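Visitor: I have the sequence and the 3D view open, and I'd love a friendly tour. May I ask my questions one at a time?

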Amino acid sequence: MTFLDLAKERYSERYFDSKPIEKKKLDLILEAGRIAPTGCNYQPQRVYVLQSEEAMKKAIGTKASLCGCPIALLVCYDRGEVWKNPRDRYFENYNCGEQDCSIVATNMMYEAEELGVHTLWIRGFDAQDVIDAFALPENHIPVMMLALGYPAENSHPAHLHNKRKPLKETVKFI
């Protein structure tokens, strides 16, 4: 399967089976995140593996919609280790922590898909609630959660999954 085939096949899973993810597969998913490119290779990502019943209840308590997944990855960055762009006049004090975490999460998302593990990108939570629920270190800034699991029997892509704008609407050659 080519990467484009994999990317087209992948969809946001909202119906997870309770079957646990094998440690070998989880390790490969985490390794895909570890090797992701980051700003100046600072590697500020901090990934918390939420797998205990207590951790999952805390995550749900933050209003994160986990859809019954057996494992969720909380992807944060360490603001003390993130690359900052001192030359950007438009975005004062810009740092690439959210970009780095997004790349890390995307790598993990596609590795999971290749392994038959489905994912759901989650950002519908209040960051302060997550910081409080998990007593995160002061420098760890939550960016998103990635729900992981096998699809349930009634799993299917959302009705808009295959609806994409044509390239001419999203790409400009200058």
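Visitor: How far apart are the closest N and O atoms in the salt bridge of R46 with E81?
Guide: A salt bridge here is a side-chain nitrogen of Lys or Arg within 4 Å of a carboxyl oxygen of Asp or Glu. This is a predicted model, where local features need pLDDT of at least 70, side-chain atom pairs count only at pLDDT 80 or more, and totals for chains, interfaces and linings use all residues. Residues are numbered from 1 along each chain as its sequence is written, and side-chain values use heavy atoms, with hydrogens and water left out. For R46 and E81, the distance between the closest N and O atoms is 2.7 Å.

Visitor: How many residues apart along the chain are R46 and E81?
Guide: Helices (H or I, at least four residues) and strands (E, at least two) are DSSP runs, numbered from the N terminus. R46 sits in strand β1 (residues 45-50), while E81 is in the loop between β2 and α4. The pair links distant parts of the chain, with a separation of 35 residues.

Visitor: Is E81 buried, partly exposed or exposed?
Guide: The scale uses relative accessible area with a 1.4 Å probe and protein chains only: under 20% is buried, over 50% is exposed, and in between is partly exposed. R46, at 22%, falls in the middle class. E81 has a value of 35%, so E81 counts as partly exposed.

Visitor: Which residue is linked with R46 and E81 in a network of salt bridges?
Guide: Look along β2: A72, L74 and C76 point one way from this strand together with the residue you want, and all are buried. That residue, which is linked in the network with R46 and E81, is D78.

Visitor: How many salt bridges does the structure hold?
Guide: Besides the R46 pair, R34 and E31 meet at 2.7 Å, N to O, and both lie in helix α2, three residues apart, about one turn of the helix. K58 and E54 also meet, at 3.5 Å, N to O. They are four residues apart in helix α3 (residues 53-61), so about one helical turn separates them. In total, the number of salt bridges is six.

Visitor: Which residue of β4 stands opposite C76?
Guide: Two strands pair if DSSP finds at least two bridges between them. β1 and β2 pair in the antiparallel sense over six bridges, with R46 opposite C76. In β4, the residue opposite C76 is P142.

Visitor: How many bridges join β2 to β4?
Guide: These strands run antiparallel, and one of their pairings puts V75 with M144. β4 is also joined to strand β3 (residues 118-122) by five bridges, again antiparallel. Between β2 and β4, the number of bridges is eight.

Visitor: How many residues of β4 are buried?
Guide: In β2, eight of the eight residues are buried, so this strand is largely enclosed by the rest of the structure. β4 is largely enclosed too, because its buried residues number ten of the ten.

Visitor: How many residues does α4 give to the largest nonpolar core?
Guide: A nonpolar core is a set of buried Ala, Val, Leu, Ile, Met, Phe, Trp, Tyr and Cys residues joined through side-chain atoms within 4.5 Å. The largest has 25 residues, and I21, I29, L73, M108, V117, L146 and L148 touch the most other members. α2 (23-34), β2, α4 (97-114) and β4 (140-149) each supply at least two residues. The most comes from α4, whose share is six.

Visitor: Which residue of β4 is the bridge partner of T119?
Guide: Contact means heavy atoms within 4.5 Å. Beyond four places in sequence, the residue in question touches F16, I21, L26, I29, T119 and V117, among others. The bridge partner of T119 is L148.

Visitor: What is the relative accessible area of A72?
Guide: A72 lies in strand β2 (residues 71-78). Leaving aside neighbours within four places in sequence, A72 is in contact with Y48, V49, L50, M56, L66, L146 and A147. A72 counts as buried because its relative accessible area is 0%.
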